[in-house]
Amino acid sequence: LHSSKKKTYSSLMITSVRKLVARSAGVCSHIQRLYSGGSSLKQELTERQLIHQVTDETVLDLLETGGQTVYMGIDPTGDSLHSGHLKPLSYFAHILRHGNEGILLLGGATARIGDPSGRDSERNVIPEEVLKHNLVALEQSLKKITHSLGISDKVIFVNSE
């Protein structure tokens with residue numbers, strides 16, 4: 001690059017880095033406020049656009065006070081998590097961070113018997129050895145995720161065995 005192009009490029013990079021740092025500081029303070037007890041569970045879930053409306057507000061009030069036990073069920077139809085697990089796991093993590101306990105239920109019954117879920121045909125029944133493999137793989141993934149989210153001490157894992 002020519003000298004003038006290098007200066008322009010360097011100046012653009014410095015400006016970009018400054019903007020990124022400024023944005024990061026804003027995001028970090030927002031995250032810190034959300035997780036430092038500075039917001040209610042309802043406010044947190046609403047700000048993150050995870051809820052729009054609630055039928056019974058007393059459920060959120062109970063979860064807000066903590067001490068409740070919630071569960072999330074995952075069917076072992078595959079050996080890895082997918083994008084469809086993201087939102088429920090996010091809800092789960094937020095609820096546990098507000099002093100609640102959680103159970104991750106890795107169910108095998110649905111996978112064993114099939115579940116048409118509105119389809120014209122039943123889902124194929126998963127062979128026992130594949131089901132066991134999927135359960136082990138999902139539990140390993142979920143343990144890593146709950147650890148990285150800082151909620152592993154609040155979760156009990158239950159599988160179909």
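Let's start with a pair of charged side chains: Glu139 and Lys143 meet in a salt bridge, with 3.2 Å between N and O. Keep in mind that this is a predicted model. Both residues lie in helix α6, four residues apart, and that is about one turn of the helix. Side chains of opposite charge can pair when their charged atoms come close. How buried or exposed are the two partners? Glu139 is among the buried residues of α6, whereas Lys143 counts as partly exposed, at 43% relative accessibility.

Now follow the helix itself. α6 has 21 residues, and from its first C-alpha to its last it reaches 30 Å, close to the 30 Å expected at 1.5 Å a residue. Glu139 has company on the buried list: Leu131, Asn134, Leu135, Ala137, Leu138, Leu142 and Thr146 are buried in α6 too. Following the helix you'll find Gly150, with a positive phi near 75°.

Asn134 deserves a closer look. This residue sits in α6, which covers residues 128-148, and its relative accessible area is 4%. Buried means under 20%, so Asn134 falls in that class. What does its side chain meet there? A polar atom of the Asn134 side chain lies 3.0 Å from the backbone oxygen of Pro76. Once you set aside neighbours within four places in sequence, Asn134 is in contact with Pro76, Thr77, Gly78, Asp79 and Ile126.

Pick Gly78 from that list and look from the other side. Gly78 is found in the loop between β1 (69-74) and α4, and it is partly exposed, with a relative accessible area of 25%. Leaving out neighbours within four places in sequence, its contacts are Asn134 and Leu138. Gly78 and Leu131 are 53 residues apart in sequence, yet their C-alpha atoms are 8.3 Å apart in space.

That loop leads on to α4. The 12 residues of this helix (residues 86-97) should span 16 Å at 1.5 Å a residue, and the end C-alpha atoms are indeed 16 Å apart. Its buried residues are Leu89, Phe92, Ala93, His94, Ile95 and Leu96. Just after α4 comes Gly99, which takes a positive phi of about 90°.

Which residue's side chain reaches the backbone oxygen of Leu96? It's Lys154, at 2.8 Å. Lys154 has its place in the loop between α6 and β3 and is partly exposed, with a relative accessible area of 22%. The C-alpha atoms of Lys154 and Leu96 are separated by 6.9 Å, though the two residues are 58 residues apart along the chain. Not counting residues up to four places away in sequence, Lys154 touches Leu96, Arg97, Gly99, Asn100, Glu101 and Gly102.

Carry on along the chain and you reach strand β3 (residues 155-159), where Val158 lies. Val158 is partly exposed, with a relative accessible area of 32%. Together with Tyr71, Leu105 and Ile156, Val158 makes a nonpolar surface patch of about 380 Å². To belong to such a patch, a residue needs over 30% relative accessible area, so Val158 at 32% passes that cut-off.

How many salt bridges does the structure hold? There are two. Besides the pair in α6, Glu57 forms a salt bridge with Lys42, and their closest N and O atoms are 3.0 Å apart. Glu57 lies in helix α3 (residues 57-65) and Lys42 in helix α2 (residues 41-47), so this pair ties together parts that are 15 residues apart in sequence. Both ends are partly exposed: Glu57 has a relative accessible area of 35%, and Lys42 comes in at 34% relative accessibility.

Finally, step back to the whole chain. It has six helices and three strands, and along the sequence they follow the pattern α-α-α-β-α-β-α-α-β. Of its 161 residues, 25% count as buried. The accessible surface comes to about 10,700 Å², and 56% of it belongs to carbon and sulfur atoms. How much of the contact network links residues 24 or more positions apart? Among contacts with a separation of 6 or more, such pairs account for 67%. You have already met examples of residues that are distant in sequence: Asn134 is in contact with Pro76, and Lys154 touches Leu96.

Definitions and conventions
Residues are numbered from 1 along each chain as its sequence is written. This is a predicted model: local features need pLDDT of at least 70, side-chain atom pairs count only at pLDDT 80 or more; totals for chains, interfaces and linings use all residues. Side-chain values use heavy atoms; hydrogens and water are left out. Helices (H or I, at least four residues) and strands (E, at least two) are DSSP runs, numbered from the N terminus. Buried means under 20% relative accessible area, exposed over 50%, partly exposed in between (1.4 Å probe, protein chains only). A polar contact is a pair of N or O atoms within 3.5 Å; within protein, one must be able to donate a hydrogen and the other to accept it, and residues adjacent in sequence count only if both atoms are side-chain atoms. Contact means heavy atoms within 4.5 Å. Accessible areas come from the Shrake-Rupley method with a 1.4 Å probe; for residues, only the protein chains shown count as cover. The expected span of a helix is 1.5 Å times one less than its number of residues. Patches are made of residues with over 30% relative accessible area and no salt bridge: like charges are joined within 9 Å, nonpolar side chains (Val, Leu, Ile, Met, Phe, Trp, Tyr) within 5 Å. A salt bridge is a side-chain nitrogen of Lys or Arg within 4 Å of a carboxyl oxygen of Asp or Glu.
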